[in-house]
Amino acid sequence: MCTVVVRWAGGAPTRVLALRDELTGRDFDAPGAWWPEFPDVVGGRDRTAGGTWCATRVPTGVTALVLNRPQKPDAEPGAPSRGVLPLLGAVHGEAWPGHVQLNGMASFLLVLAAPDGLVTWDFDGAQLTTTHHPAGTWMVTSGGPEDRKADRFLPAFTAADFPDGWERLVTNEPPQDDPGALVVRHEQDGLVYATVFGELIEAAPGRLHLEHSRRPWTGEPWETLDVS
């Protein structure tokens with residue numbers, strides 16, 4: 001995951017835009033209930049490692065998302081994959097750090113968007129920093145403040161309606177070879193790194209409405225998934 005926008009306010013469903021940037025040759029499955037050990041969790045499944053970039057626990061309305069961070073790009077041998085983190089966040093909430101060994105893991109930012117709050121954890125490969133965010137509209141990115149993506153796009157998301165206005169903001173941005181772009185595409189040494197998935201999530205306890213697309217910038221209709 002590389003770009004996440006969250007809007008939350010007490011008493012309202014939590015709304016999320018998640019844009020996943022990845023090597024185009026890395027296979028993944030569209031959102032579903034893929035994990036028998038977590039039957040009430042819905043998310044897209046990475047076929048390489050079996051984890052996810054974004055997961056929602058339907059009974060609680062909690063959504064957890066993981067973004068790679070640059071401080072420590074590679075995990076040490078035997079360390080857990082970052083793809084397990086959204087599953088643990090969705091299931092265990094703010095207690096997730098007690099269910100995984102962080103030593104040796106690659107750096108990440110974990111987002112926990114719940115009906116009663118928004119929390120992020122930034123792990124630089126050594127230290128885990130926790131931040132609680134007040135109600136409002138927030139954007140976090142894989143590049144962090146350095147990519148200035150939030151400076152460019154957050155005001156527009158704050159002003160736009162969800163979900164149609166947020167979807168229009170994505171379709172107005174064709175893929176660019178720019179780490180600060182909303183939708184990216186970069187080719188090097190025969191490999192293509194690009195925005196491969198977009199999803200709009202509206203979650204409340206007991207209800208999940210999800211729209212998703214593998215080509216979110218095209219203006220083609222997004223697929224819809226409702227779970228209750």
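**Exercise 1. Secondary structure and overall form**

Determine how many helices and strands the chain contains, and what its radius of gyration says about its compactness.

Solution. In this predicted model, the secondary structure of the chain consists of 3 helices and 14 strands. The radius of gyration is 16 Å, and the globule rule gives 17 Å for 228 residues, so the chain is as compact as a globular protein of that length. The C-alpha trace extends over about 45 × 40 × 30 Å along its principal axes. Turning to burial, 51% of the 228 residues count as buried. Among the contacts with a separation of 6 or more, 54% are between residues 24 or more positions apart. The accessible surface amounts to about 10200 Å², and carbon and sulfur atoms contribute 51% of this area.

**Exercise 2. Charges and salt bridges**

Find how many positive and negative side chains the chain carries, and how far apart the centres of the two sets lie.

Solution. The count gives 18 positive and 30 negative side chains, with the centres of the two sets 1 Å apart. Side chains of opposite charge can pair when their charged atoms come close. The structure holds 13 salt bridges, and several can be followed in turn.

- Glu-202 pairs with Arg-207, their closest N and O atoms being 3.6 Å apart; Glu-202 is buried at 15% relative accessibility, whereas Arg-207 is partly exposed at 36%.
- Glu-220 and Arg-215 form a salt bridge with an N to O distance of 3.9 Å, where Glu-220 is partly exposed with a relative accessible area of 40% and Arg-215 is partly exposed at 42%.
- Arg-20, Glu-22, Arg-26 and Asp-46 are joined into one network by salt bridges that share partners.

**Exercise 3. The surroundings of Asp-178**

Locate Asp-178 in the chain, and identify which residues it touches, not counting residues up to four places away in sequence.

Solution. First, the position: Asp-178 belongs to the loop between α3 and β11. Second, the accessibility: its relative accessible area is 27%, and because buried means under 20% and exposed over 50%, Asp-178 counts as partly exposed. Third, the contacts: with residues up to four places away in sequence left aside, Asp-178 touches Arg-152 and Val-184. The contact with Arg-152 includes a salt bridge between the two side chains, at 3.3 Å from N to O. This pair links distant parts of the chain, since Arg-152 sits in helix α2 (residues 149–159) and the two residues are 26 residues apart. Arg-152, at 44% relative accessibility, is also classed as partly exposed. Finally, the C-alpha atom of Asp-178 is separated by 9.3 Å from that of Asp-147, a residue 31 residues apart from it along the chain.

**Exercise 4. The covering of helix α1**

Establish how many residues of helix α1 (residues 85–92) are buried, and which strands are included in what covers them.

Solution. Of the 8 residues in helix α1, 7 are buried, and the helix is accordingly described as mostly covered. The buried residues are Leu-85, Pro-86, Leu-87, Leu-88, Gly-89, Ala-90 and Val-91. Their cover includes the strands β4 (41–46), β5 (54–57), β6 (62–68) and β7 (108–114). Just after the helix comes Gly-93, which has a positive phi near 60 degrees.

**Exercise 5. Backbone geometry in the loops**

Identify where the peptide bond from Phe-162 to Pro-163 stands, cis or trans, and state whether Arg-148 and Asp-189 are buried or exposed.

Solution. The peptide bond from Phe-162 to Pro-163 is cis, its omega being near 0 degrees, and Pro-163 is located in the loop between α2 and α3. For Arg-148, phi is positive at about 60 degrees although the residue is not a glycine; Arg-148 lies in the loop between β10 (136–141) and α2, and its relative accessible area of 52% makes it exposed. For Asp-189, which is not a glycine either, phi is positive at about 55 degrees; Asp-189 is part of the loop between β11 and β12 (191–204), where it is exposed with a relative accessible area of 72%.

Methods:
Residues numbered from 1 in each chain as written. Predicted model: local features only at pLDDT ≥ 70, side-chain atom pairs only at ≥ 80, totals over all residues. Heavy atoms only, no water. Helix = DSSP H or I, 4+ residues; strand = E, 2+ residues; numbered from the N terminus. Rg over C-alpha atoms; globule rule 2.2 N^0.38 Å. Buried < 20%, exposed > 50% of the residue type's maximum accessible area, 1.4 Å probe, protein only. Contact = heavy atoms within 4.5 Å. Areas by Shrake-Rupley, 256 points an atom, 1.4 Å probe, with all protein chains shown as cover. Lys, Arg positive; Asp, Glu negative; His and termini not counted. Charge placed at Lys NZ, Arg CZ, Asp CG, Glu CD. Salt bridge = Lys/Arg side-chain N within 4 Å of Asp/Glu carboxyl O.
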